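Trainee: I am new to this structure and would like to understand the reasons behind the words used for it. Could we look at it together?

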Amino acid sequence: INSASTGNFLVPTLIPQVSARPWGGAFTTGLTTYAWTTQASGGYLYASGRGNFGQLGNGSTADTSAMTAVTKASDSSQLVGVVKCIGSEEANGYATTAYALNALGELYSWGHAGNGALGNGATSPHQVRAVLIATGVLDFSVVGGGDKAVFILKTNGDLVSFGANTEGCLGLGDLVDRSVPTAVRTNGTS
């Protein structure tokens, strides 16, 4: 996969390095693959596969079989310094939302905006370039497939969540979806 070919591979196939930068990590969700280079080589983020909801983060909704740079909405520059990337898709394999954390503690999202999954206030239709949604991020996780719930652990110890609040899974005391990161509070008991 991801070698500019559209054929199926039945054995492991080497994905060529981009600009002689060694790969540092990869994540595949259904029909989309994300890969980033090592931190020593800049943590550059790339994607390939299905792009119909902007989940490739390259400014387009077209599919691509070659690794292409994920770019920022703010200035169209490539997303760099990536230490973690996760994509989450609906059961049908089409509506993917992706998230990436860089070494500066900045969390970005792009792709499908349903149920507030982008965390930038949008609920439709999609975002084709990466948007900054949080700073001071230590780690994050994505729960669910079609109904995405995202949790962010901040460097100051705060926990925030956004996305689909099915059965109250965001921990916010109600069943309302959130389209921006919202602080999770306890009910006063430990």
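Trainee: Which residues have the most contacts inside the largest nonpolar core, and how many residues does this core have?

Mentor: Bearing in mind that this is a predicted model, the largest nonpolar core has 15 residues, and Y99, L107, F140 and I152 are those with the most contacts inside it. At least two residues of this core come from each of β6 (96-102), β8 (126-134), β9, β10 and β11. Another core, of 14 residues, lies apart from it and has Y34, W36, V70 and L79 among its members.

Trainee: What does L107 touch, once residues up to four places away in sequence are not counted?

Mentor: L107 touches Y99, A100, L101, V131, L132, I133, A134, V137, F140 and I152.

Trainee: V137 is in that list, so why is V137 called buried?

Mentor: Buried means under 20% relative accessible area, and V137 has a relative accessible area of 5%, so V137 is called buried. Its place is in strand β9, and, leaving aside neighbours within four places in sequence, V137 is in contact with L101, G105, L107, I152, L153, K154 and T155.

Trainee: How do you know that β9 and β10 pair?

Mentor: Pairing asks for at least two bridges between two strands, and six bridges join β9 (residues 137-143) to β10 (residues 149-154), so these two strands pair, and they run antiparallel. In this pairing D139 has L153 of β10 as its bridge partner, while S141 stands opposite F151.

Trainee: And what makes β10 and β11 a pair?

Mentor: The cut-off is again at least two bridges; five bridges join β10 to β11 (residues 159-163), therefore they count as a pair, also running antiparallel. The bridge partner of V150 in β11 is F162. Four residues lie between β10 and β11 in the hairpin that they form, and G157 in its turn has a positive phi of about 95°.

Trainee: Why are β9 and β12 said to stand at the edges of their sheet?

Mentor: The sheet is an open one of four strands, in the order β9-β10-β11-β12 and with antiparallel pairing. β9 and β12 (178-183) each have a single partner strand, so one side of each is left without a neighbour in the sheet, and this is what standing at the edges means here. On average, neighbouring strands of this sheet are turned by 15° against each other, direction ignored.

Notes:
Residues are numbered from 1 along each chain as its sequence is written. This is a predicted model: local features need pLDDT of at least 70, side-chain atom pairs count only at pLDDT 80 or more; totals for chains, interfaces and linings use all residues. Side-chain values use heavy atoms; hydrogens and water are left out. A nonpolar core is a set of buried Ala, Val, Leu, Ile, Met, Phe, Trp, Tyr and Cys residues joined through side-chain atoms within 4.5 Å. Buried means under 20% relative accessible area, exposed over 50%, partly exposed in between (1.4 Å probe, protein chains only). Contact means heavy atoms within 4.5 Å. Axes are lines fitted to C-alpha atoms, for helices over the stretch in contact, and angles run from 0 to 180 degrees between N-to-C directions.
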